[in-house]
Amino acid sequence: MFGPTGGLGMNPSMDDMNLIQQAQRHQLVVSNLGEEIDLEIGPGDDDAAFANNSLIGGPPRDPSTGEHDETKHMVLVSDLPSEDQDMSKGQPVKRKKKVVKRWREEWADTYKWAYVDMKDGTARIFCSICREYGRKHRRNPYGNEGSRNMQMSALEEHNNSLLHKEALRLQTASKEKIVVDKPIYVKTLMSKSAGSIVEGALKRDPNEIEFVQSVQESVHALERVIAKNSHYVNIMERLLEPERMIVFRVPWIDDRGETHVNRGFRVQFNQALGPCRGGIRFHPSMNLSIAKFLGFQQTLKNALSPYKLGGASGGSDFDPKGKSDNEIMRFCQSFMNEMYRYMGPDKDLPSEEVGVGTREMGYLFGQYRRLAGQFQGSFTGPRIYWAASSLRTEASGYGVVYFARLMLADMNKEIKGLRCVVSGCGKIAMHVVEKLIACGAHPVTVSDSKGYLVDDDGFDYMKLAFLRDIKSQQRSLRDYSKTYARAKYFDELKPWNERCDVAFPCASQNEVDQTDAINLVNAGCRLLVEGSNMPCTAEAVDVFRKANVLIAPAIAAGAGGVAAGEIEVLRESNSMQWSAEDFESRLQEALKQTYEKALKAANDFGYQKESPEALLHGATIAAFLNIAQAMTDQGCV
């Protein structure tokens, strides 16, 4: 997908042949790099219609997908057949205009990051880095019209833009260090029976991108299991249809008395092993696809844990940022007015997720208690002094670090002294950093939606407390660098190009793409432990496999939260009082059992312990086999 492409000026009504001819006519010819640029202009360039045409592009398409039909609109200039190139000789003689400018050689390579596609019936050019279009994103960045000064101004604008710098960074990473082959799509790897499962999910839910991606990854991991026993095809098809999906309206009133309406979701995915447990997420991006993907991941995570639990997830597209406590309370109460019917210790108990902390869980539980007429303290997340365990909030983040230590121990290494990069700055990320400090590791980054912060001196407890103060006041991480001068904050970038030994993605799904994976490999990363659900794209996972980077999947590494919730239930039912040390000991034991179970399943199906796929596939296999046995025993229900 990193092949060089040429930017083209085109007419929306042209057919494929004219598209190729036009591509030749407007091809930029670079000669004597560093001295001058020859811009060859065909007759169409002087047309007013050409000058007014806007240029966009679409995402690049990979030929490996098998889509070679005539409907493709992307043209790679470097791949044009010689016959088509010969046809361009018949075009009218081109007039040549020379623009003298000393260019760096890398600037010409920037054009490899543009591609062409159709949008709204018009052939347009897109920049493959920033996905934007417009004058400064054209292959010929100084335009085909306007005065010399205008052309040079546009050139300088692009040359200094983030687009150019990012393109150079990507080009360097892919050209000089590690070159990734075309991504291996799950569809091309599957047997016919396994492929039919994904095909069925695509037909049923074609617009649910996140859910379909999680299905593809799981089915790919289960391919050897399905090949061994075709009975599992039917089980998987039933598993992929949630038992219950609840979508409802959530009206609430703000502090000014104005009425607002949001959409609520709860997907109770599977209860074959026991009552549901799963998070509630409040975020503007929340939709049914994300609720299903999170519910499916939670089902696998719970099945892999030492406890017999079903999986669920839900939330709302409500954004708690910038809302007052009273507004959040009113929203939570309205949300629970519908949800309480489906809640209960033997039905479904929610837990914290993105946008939902102890404050929100307290409001949700208060309304549930009022409506249900019972007190169920393991409604996980409320404050320590009236319900939750002493380490309930920390459990998910601590568990991620415990899991990393287990993996490193099998490699005869320890985490002490290792340089670690962490993404996110929420509950899990902060507790990952906290436990890394306690273990003697060297965490150097955190991130938010606007960029990332790096402190090469590493975080300590004092710096971590300062970071928490910044986030509690809803300030930018940039403020950290104003106090610690050696720290730097980078806008609109991710931390994955920082030198590291271990990476902990703890922000959101699909935060690590193929480019980020290349950067991590080049930065020295040899272990990636997933703190968030499905943080890596399929292409990124393929890069890690080829580079022999071990991956701890979220359904295994994130089992700390599951264990903490069930330890709470046991604690309350037995009226026991446990110290933080006792709780942490039980948490570590639960993570150890999860780790060993995943490795055993991987070994049973032929994955070597040292293989990058061992934990990734073994965790899914062990979880699925537990669920499949229960579903088989209970019949078609």
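Here are three short exercises on a predicted model, each with a worked solution.

Residues are numbered from 1 along each chain as its sequence is written. Local features need pLDDT of at least 70, side-chain atom pairs count only at pLDDT 80 or more, totals for chains, interfaces and linings use all residues, and side-chain values use heavy atoms, without hydrogens and water.

**Exercise 1.** Find the edge strands of the open sheet.

Solution. Strands are DSSP runs (E, at least two residues), numbered from the N terminus. Two of them pair if DSSP finds at least two bridges between them. Write down the order: E5-E6-E8-E7-E9, with mixed pairing. Now take the strands that pair on one side only: E5 (244-253) and E9 (348-352).

**Exercise 2.** Describe how strand E7 and E9 pair.

Solution. Start with the sense: E7 (residues 276-282) and E9 run parallel, over 5 bridges. Then pick a facing pair: Cys 276 is opposite Asp 348 in E9. Strands of a sheet pair through backbone hydrogen bonds, either parallel or antiparallel.

**Exercise 3.** Check the length of helix H23 against its expected span.

Solution. Helices are DSSP runs too (H or I, at least four residues). The expected span is 1.5 Å times one less than the number of residues. H23 (residues 580-604) has 25 residues, so 36 Å is expected. Its end C-alpha atoms lie 36 Å apart, which agrees. Next, look at burial (buried: under 20% relative accessible area, 1.4 Å probe, protein chains only). Buried residues in H23 include Phe 583, Leu 587, Leu 591 and Tyr 595. Finally, see what follows H23: Gly 606, with a positive phi near 90°.

Methods. Buried < 20%, exposed > 50% of the residue type's maximum accessible area, 1.4 Å probe, protein only.
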